[in-house]
Structures are given as structure tokens and as C-alpha cells.
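User: I've got a protein–DNA model to go through. Can you walk me through the contacts and the chain A basics?

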Protein chains: 2
Amino acid sequence: MSGAAPLAEFKVGVDNVIFSVDPEQQRLFVLLIKRLHPPCQHQWSPPGTLVRHGESLEAAARRILQEKIKVHNLYLEQLYTFGAPGSDRASAPHRYLSVSYFALVRREAAELITREGGMTAWFSVPSLPTLAFDHHNILNYGLRRLRNKLEYSPIAFEVLPDVFTLNEVYQLYCTVLGENFADYSNFRARLLKLGILQDTGVKASRGAGRPASLYRFDAIAFEPLRHKPLVFV
Amino acid sequence: MSGAAPLAEFKVGVDNVIFSVDPEQQRLFVLLIKRLHPPCQHQWSPPGTLVRHGESLEAAARRILQEKIKVHNLYLEQLYTFGAPGSDRASAPHRYLSVSYFALVRREAAELITREGGMTAWFSVPSLPTLAFDHHNILNYGLRRLRNKLEYSPIAFEVLPDVFTLNEVYQLYCTVLGENFADYSNFRARLLKLGILQDTGVKASRGAGRPASLYRFDAIAFEPLRHKPLVFV
DNA sequence: ACAAAAGTGTTGACCATACACCCATGC
DNA sequence: GCATGGGTGTATGGTCAACACTTTTGT
């Protein structure tokens, strides 16, 4: 406002921590790309992009996501804004500000778009390569948020297809929170008691065994619970 | 990266939603300043500032906070980054990005610094004036976050003085979460059971009635619980 | 002695856990 | 029939809300 405060000029980028769950393998993956140019050439990073003129932050996040994977059901949310000066990611006159987002998809529903020879890949979360810059922090932060969100908000149902079995929900939770987060029958009982799932009546046969009921997320029933404390554990 | 992507240039600002609790009055306040210059002249806003060259985001947030109030114990955390294009807060060639922070202080411990004639003031949360831009959203978002944080993380103890009575904690919670969030004796029992408060043995007489024990937050005892789910309710 | 504030204890309702058990289907 | 996975029930222990009660101070 007043006289001689030397303000900073910024380039603003969006970095996307994109998680995918694979209930088959019981594993959680993160999408990383290999950096083709300096700085930090040949190191891995979550996919990022600079924000374009007239483009909202979330739009930039979605744009880059769509450049890397083709997917319909996903959850996307802003994570944190990292803006320490001197991480010198931008050319000299500008400072770089990174607004990070995290996304969750199911791996089977996410088709990887590989261009220019396989520089995009899913990495299993426990076994990650070294990452450029402070991206390890971003990623850990994203992981914490993912686990928390799963416990108290219904993001699972934004990732799952329109109808799904309770076991699919359970597998998703197991994959993210670890096998022993809860007994299946208790998980099931809690989930149903919330009253936000409709039984469609339709049965789904997955190979051998008794066919499972297909459920649908009931957004209307959930609405009153929206801002209440909830436990999906 | 590639050819003709028209990138945006940004000025980055920090906007601070500063809450103060007044257990005496049982009220929650927000610090607002009256805008002296266009745009939105004469409207109220949370205090904000543009980020200076070489200054981190959090440093900018602390700088502006210190310009407005003098306080020792406070809690400060990044809230959200708002960056929709076309909210035209900045001069033409630049887009404006607002990284919001929220802070919590006790009102008795926060001395207001008034300069140039009373353009800074605490507003009681239920009765706010109309705010400039989308600041109403920022504020509501901050309030939600404050209430959540109080329930599952020990931010209260960063705001309270080094030693405090359990009643002071309770009053703080009441003021933020509403009178009827919990019975005092139950709150007390839960809090003590967590084992993160040390009884100093010292008693404090607050006028009539039995003197209260003074407690101290035990950071070492809390450390192992740091990332575990907790309920302070 | 009495009021005021701090601190303790009790009880019934509810909820989570662990586990055993029943049901429907493929082979 | 029997293995496989889906779905239901129950006993135990713990936790929580509500409220009555005791203790220690000021006046």
C-alpha cells in the first residue's frame, strides 16, 4: 500500500498429487512424471503446470490431470500452498508459488495417457523414488490428508462407480488405511447405519460365492450430515 | 513449458482471518479493517498484505498480524488459497491470488494496535458487516476450520498462557463451539485422561470459590499422539 | 453459615470389537 | 458336497451424557 515495499512477482503453478487405489493388489499408487528439463532434470515429480491466463486454480489442476489420465469418477481437493522464496524453481525475476491439489481415483478406472515414451508412471506408495524439490513433503502431506478424509468424509463414493458392493468400499478403505483398520462386518454395520447407502436390490456375481448387493450413494440422505462430525472408519 | 501457452502473472497476497476468544463475554470475534482505498473502499475486510520479495507466505501472515495486534501466544495456520480470475482485485496486467491464513488468540492477551484513527476493530462473529469481495467465504471457511481444529487438535494450548486452569480451557471451548457442546465434568475427565496436561500443584484463586489447579500442556506426552486421531470435544 | 467455584463419582444408554454363525452361489 | 465369498447376529468391554455429590475457598 504505502511507499517502498519491494513486492514479489509470481508465477503460480499447480502440482497434483494423484493417488490411485488398486483393491486387487491391495496397493496405493501415486502418479509421478520424470522431469525432462532442468531444474532437477531426470528426477521424478508429481505432475504440475503453470496457471494460464483466465484459468482458475482448480481448472489448471483438472487440466493437468486430464493430460495424464482418462478417468470419470475422481475426487479432487486443494491441499496446500507452498511458497517459500529461494526454492528457485522459476527464472530469476519471478518467484514460484505452488498450489498443490490431491486427487483420488481407482486404478482400474484410470487409463494412463502415455506420450513421448513412458515418462509417466504409477509408483507404489511405500516404494517411491527420490523426488525433486520439496515434493516429498507435498506427497506426505497429501497422504495424511487422504487418510483423514477417508475417515470422516464420503470421498470414497466419489471415486467408486455409481453402483458398487460393500466389499468394494471395504477394499478401498483397506488399501488406503491398511488391512487392519477394522473388521469387515463392523465396517459394514457402521456404514449401513449411517443411512446414506441405498440397496438397489440388484445382485452382482463376482465369480464364486454368494452374489453381493449393489448399493448406490444417497446424496440427498447425506446432505443433512454434510457438516456434522462423521465416522466412516 | 511448450510453445504458446499464455501464462498468468500474479501478485500474491496473504489474508488473515484472525479470531479472538473472550471467555468473559463468551464471545468470538474477528479482526476486520476498513478499506481506505478502492477497490471496495469503505468496506470491511480481514487484514491482508501483498507478499514482499524474499518473504515467505507465513512470514507475510505474521507480519500483518503483528502490525495489527500485539500478542504472544497465538495459533496460525494456512487456510486456503483463493485464486479465481476476474475478481479484479489487482491492477490490469496482474492477477491477484489470495493465500488465506487463520489465527486464534485470546482477546485479553491481544492488544489492538490502532493507527490512523480506529480503522481496525473486533467484530463479534454472529454480527458481521458486509465484507468486500469473497471475504465472507474466507471467513466462514476459517470458522469451520477453527471449530474442527479445536475438536481434534490441541490448538487451545498454543493460545492459552503457559499455565492455566481447566476452566479456562473449558471456557475457550464453550466460546468457540457453543455453550452446550459438552458438560464440564465430562470435558474435564476426557481432557485429563489424555494425559497431556501436567498438574503444577499450584492453585489459583479467582475471587470466591475453591481455588483451581494450574495445569501445563505437556508437549512431550503429546508427541506420540501427534498424528493419531484424537477427540478433545 | 452460606454461596460460589472446583473437583469427584455414579448410572444407564449406547457403541465398538471380536468372533461365531447362516446364506447363496460356482464347480 | 464343499469351497468361496456375502451377510447377520451376539456377548463383552468400553465410552459418553447427565446429574448428583463432595471439597475448598471468600465473605
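**DNA contacts and chain A**

Analyst: A polar backbone atom of A:Gly209 lies 3.3 Å from a base oxygen of DNA strand D. That is a polar contact, meaning a pair of N or O atoms within 3.5 Å; within protein, one must be able to donate a hydrogen and the other to accept it, and residues adjacent in sequence count only if both atoms are side-chain atoms.

User: What ground rules apply here?

Analyst: This is a predicted model, where local features need pLDDT of at least 70 and side-chain atom pairs count only at pLDDT 80 or more, while totals for chains, interfaces and linings use all residues. Residues are numbered from 1 along each chain as its sequence is written, chains are lettered from A and ligands numbered from 1 in the order in which they are written, and side-chain values use heavy atoms, with hydrogens and water left out.

User: Back to strand D. Which base nitrogen contact does A:Arg210 make, and how far is it?

Analyst: A polar side-chain atom of A:Arg210 sits 3.0 Å from a base nitrogen of DNA strand D. On the phosphate side, a backbone N or O atom of A:Ser213 is 2.7 Å from a phosphate oxygen of that strand D.

User: Which residues come nearest to DNA strand D?

Analyst: There are 20 residues around DNA strand D, and the nearest are A:Asn167, A:Arg188, A:Arg210, A:Ser213 and B:Ser185. Near means that a heavy atom of the residue lies within 4 Å. Sugar or phosphate supplies 61% of the strand D atoms within 4 Å of the protein, and bases the rest.

User: Which element gives the largest share there?

Analyst: α5(B), with four residues. Helices (H or I, at least four residues) and strands (E, at least two) are DSSP runs, numbered from the N terminus.

User: Now strand C. Which residues come nearest?

Analyst: Out of 20 residues around DNA strand C, the nearest are A:Ser185, A:Asn186, B:Asn167, B:Arg188 and B:Ser213. Of the strand C atoms that come within 4 Å of the protein, 62% are sugar and phosphate.

User: What are the polar distances for B:Asn167 and B:Ser185?

Analyst: B:Asn167 puts a polar side-chain atom 2.3 Å from a phosphate oxygen of DNA strand C. B:Ser185 has a side-chain N or O atom 3.2 Å from a base oxygen of DNA strand C. Two or more residues of the surface near this strand C come from each of α5 (184-193) of chain A, α5 (184-193) of chain B and β12 (212-217) of chain B. α5(A) gives the most, with four residues.

User: What happens at the ends of α5(A)?

Analyst: At its start, a side-chain oxygen of A:Asp183 comes within 2.8 Å of the backbone nitrogen of A:Ser185. Just after α5(A), A:Gly195 has a positive phi of about 70°.

User: Switching topic. Is A:Arg106 buried or exposed?

Analyst: Buried, at 12% relative accessible area. The cut-offs are under 20% for buried and over 50% for exposed, with partly exposed in between (1.4 Å probe, protein chains only). A:Arg106 is in strand β7 (residues 95-106) of chain A.

User: What does A:Arg106 contact?

Analyst: Beyond neighbours within four places in sequence, A:Arg106 contacts A:Val21, A:Val159, A:Leu160 and A:Pro161. Contact means heavy atoms within 4.5 Å. A polar side-chain atom of A:Arg106 is 3.2 Å from the backbone oxygen of A:Val159.

User: And chain A overall?

Analyst: Chain A has six helices and 12 strands. Of its 233 residues, 47% count as buried. Its C-alpha atoms fill a box of roughly 70 × 45 × 30 Å along the principal axes.
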